[in-house]
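Work through the exercises below with the coordinates open. Each task is followed by a solution in steps.

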Amino acid sequence: MRTLAIRRVLTRTAQTHARTAAAAAQVPLQSAALRPIVPGQPQVGRRSFCAGAVEDSEPTYASGDLSGYKVFDHDGPFELSTGAVLPELHIAYETWGNLNAEKNNAILLQCGMSASSHACSNAGNPTKGWWEDYIGPGKALDTRVFYVICTNNLGGCYGTTGPSSFHPDGRRWGSRFPRFEVYDQVAAQFKLLDHLEIQKVHACVGSSLGGMQSVCAAARFPDRVGKFISISACAKSFPGSMAFRHAQRSAIMNDPNWNNGDYYERKLPEAGLRLAREIGTITYRSGKEWQDRFGQGRFSTEFKGLRNEFQIEKYLSHQGKKWVNNYDPNSMLWISKAMDGFTLELPGADGKPCLKTGMALAQQPALVIGVQHDVLFPVWQQKEIADTLRANGNKSVAYYELDSTFGHDTFLLSQETIGPAVKGHLEQEPHGAKHLWEAKAHSFHDILQAVGELTSTADMMRCMFRALSRNGETVEREELRYATKLFLASDGTNDQRIDNIFNTRLRKRKNVTLKEYLALREAFADSSYETYLP
């Protein structure tokens, strides 16, 4: 009977946690600010920017199934820093983990130029996301304690308002879409946080454009950011990356089908989009990687014309084709232009633009990571961020340089080098995750006490041992000691007494068997409370 009672309590507890997780992971769809999304959206005319792509070993920011996200509809016009006004703003987002009662465990994951909100698989969309290896239980963004939020950027084409969205007059925005800045993308994200009633995030985490946004959030919304991580990004765009992006825009704008951005009911500027992506791919990787990977290798020994003779040519052509019907050309134009104009400079004491002045309020613990082979965001730009933070008196700045030949794409392809640093920064003090883990421990403690009231100490000891051993023969002594303290607290057995029992009877044991553990029962509790122990 007591064993049956344990099962019933654990079942009810699991069901309660499941309901709690579901409620915390997504705002009820009955809310007027949310709309359910049907698979295949968003679409541009008959053209879908969620179409699948050829699978390969490359990172896939935007290909595959992008359904299943939620959309926040901002109540009222959204004013841009450029002076323009969007009459309405919709933000596509996805979440992982559970938002706690205090709403202080949220992480805002900020993404790159062409990324969707689908950073990781979830119940709404089981397709792998672009940061799949970083998000989940025990991973860098640990969903056992954190509530992770990722949006599609303002100007994008995966559910958030952008050039391909409908204007209130029923037509696509196209060329009429107003210019915006990176700051506006961050401000839009904080409108979503307002809606979710999250006053302050545990951290902002971003790479590439997302890394620019994370620094911007820390400097412009200092009271709402606990700490931040910026990977392969900058605090001010420099002419080198601006030149690359200019070439990409030129490829699209010189395509006759671009039609000044009003092509949604016409033919897609496919050739320009392919070339823009090929140019971008050159900046995302490194010459060292391609030398090792391709060299001067040919995939064909036949000399027929001038097209795709070498392996590197075929590779770039494939990357260009992947963007067709996967990404909106106008999104690339508008977002890249915002990146070009990005700077955190503010007027200094002499009235001239000053990065130190503009970043003065970013005093949160910071992790800045650069990659030595990054062509698009040279590593000196990440060092500039770290140096400026330190010059402003920030005492909690960690800076790393990685010698990865993946170049700018390292943050997508090298979880084993970046993930541990990210996890460490998010959870270490100051402003770490100690209080979140303690809250989890207290909840576990309360559950154990509730179950313990329905059964004998012996039965509880058996259940706990089997759970910790995972069907093995032994449990590590210190792990068993800690768990014993949790479930015996309700009996008034203090920690010192439990320590004395373990130190006396199991002093020479590193691992403990079930028989050895059960032999401690008489020392733990009154025999009058216990049921028969065979």
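The exercises concern a predicted model and go from strands to a helix pair and then to backbone geometry.

**Exercise 1.** Determine which strands pair with β8, and in which sense.

Solution.
- Step 1. Strand β8 covers residues 106-110, and 4 bridges join it to strand β11, residues 147-151. The two strands run parallel.
- Step 2. For the register with β11, take I107, which stands opposite V148.
- Step 3. β8 also pairs with β12 in the parallel sense, over 4 bridges. Here L108 stands opposite C204.

**Exercise 2.** Decide whether the two faces of β8 are covered or open.

Solution.
- Step 1. In a regular strand, side chains alternate between the two faces of the sheet.
- Step 2. Sort the residues of β8 accordingly: A106, L108 and Q110 lie on one side, I107 and L109 on the other.
- Step 3. Apply the burial cut-off, which is under 20% relative accessible area. The residues on both sides of β8 are all buried, and both faces are covered.
- Step 4. Since 5 of the 5 residues of β8 are buried, the strand is largely enclosed by the rest of the structure.

**Exercise 3.** Find how β12 is joined to β13, and describe the side chains of β13.

Solution.
- Step 1. β12 spans residues 203-207, and 4 bridges join it to β13; the two run parallel.
- Step 2. One residue pair fixes the register: G206 has S230 of β13 as its bridge partner.
- Step 3. In β13, residues 228-231, F228 and S230 point one way, whereas I229 and I231 point the other way. All of these residues are buried.

**Exercise 4.** Classify the packing of α4 against α8 and describe the contact.

Solution.
- Step 1. Helix α4 (residues 239-253) and helix α8 (residues 329-340) pack at an angle of about 155°, and their axes are 10 Å apart.
- Step 2. Angles over 145 degrees count as roughly antiparallel. The helices α4 and α8 are therefore roughly antiparallel to each other.
- Step 3. The crossing of α4 past α8 is left-handed.
- Step 4. On α4 the contact is made by M242, R245, Q248, R249, I252 and M253; on α8 by P329, M332, L333, S336, K337, M339 and D340.
- Step 5. Sorted by class, this contact has 7 nonpolar, 2 polar and 4 charged residues.

**Exercise 5.** Characterise the surroundings of S336.

Solution.
- Step 1. S336 is located in helix α8.
- Step 2. Its relative accessibility is 0%, so S336 counts as buried.
- Step 3. With neighbours within four places in sequence left aside, S336 is in contact with M113, R245, R249 and S331. R245 and R249 belong to α4.

**Exercise 6.** Examine the backbone at S208, N259 and P430, and place each residue.

Solution.
- Step 1. S208 has a phi near 60°, a positive value in a residue other than glycine. S208 is found in the loop between β12 and α3 (209-220), and at 8% relative accessibility it counts as buried.
- Step 2. N259 is not a glycine either, yet has a positive phi of about 55°. N259 sits in the loop between α4 and α5 (270-284); with a relative accessible area of 28%, N259 is partly exposed.
- Step 3. E429 and P430 are joined by a cis peptide bond, with omega about 5°. P430 lies in the loop between α12 (415-427) and α13 (434-452).

Conventions
Residues are numbered from 1 along each chain as its sequence is written. This is a predicted model: local features need pLDDT of at least 70, side-chain atom pairs count only at pLDDT 80 or more; totals for chains, interfaces and linings use all residues. Side-chain values use heavy atoms; hydrogens and water are left out. Axes are lines fitted to C-alpha atoms, for helices over the stretch in contact, and angles run from 0 to 180 degrees between N-to-C directions. Angles under 35 degrees count as roughly parallel, over 145 as roughly antiparallel, 65 to 115 as roughly perpendicular and the rest as oblique. A crossing is left-handed if the near helix is turned anticlockwise from the far one by less than a right angle, and right-handed if clockwise. Contact means heavy atoms within 4.5 Å. Ala, Val, Leu, Ile, Met, Phe, Trp, Tyr, Cys and Pro count as nonpolar, Asp, Glu, Lys and Arg as charged, and the others, Gly among them, as polar. Buried means under 20% relative accessible area, exposed over 50%, partly exposed in between (1.4 Å probe, protein chains only). Two strands pair if DSSP finds at least two bridges between them.
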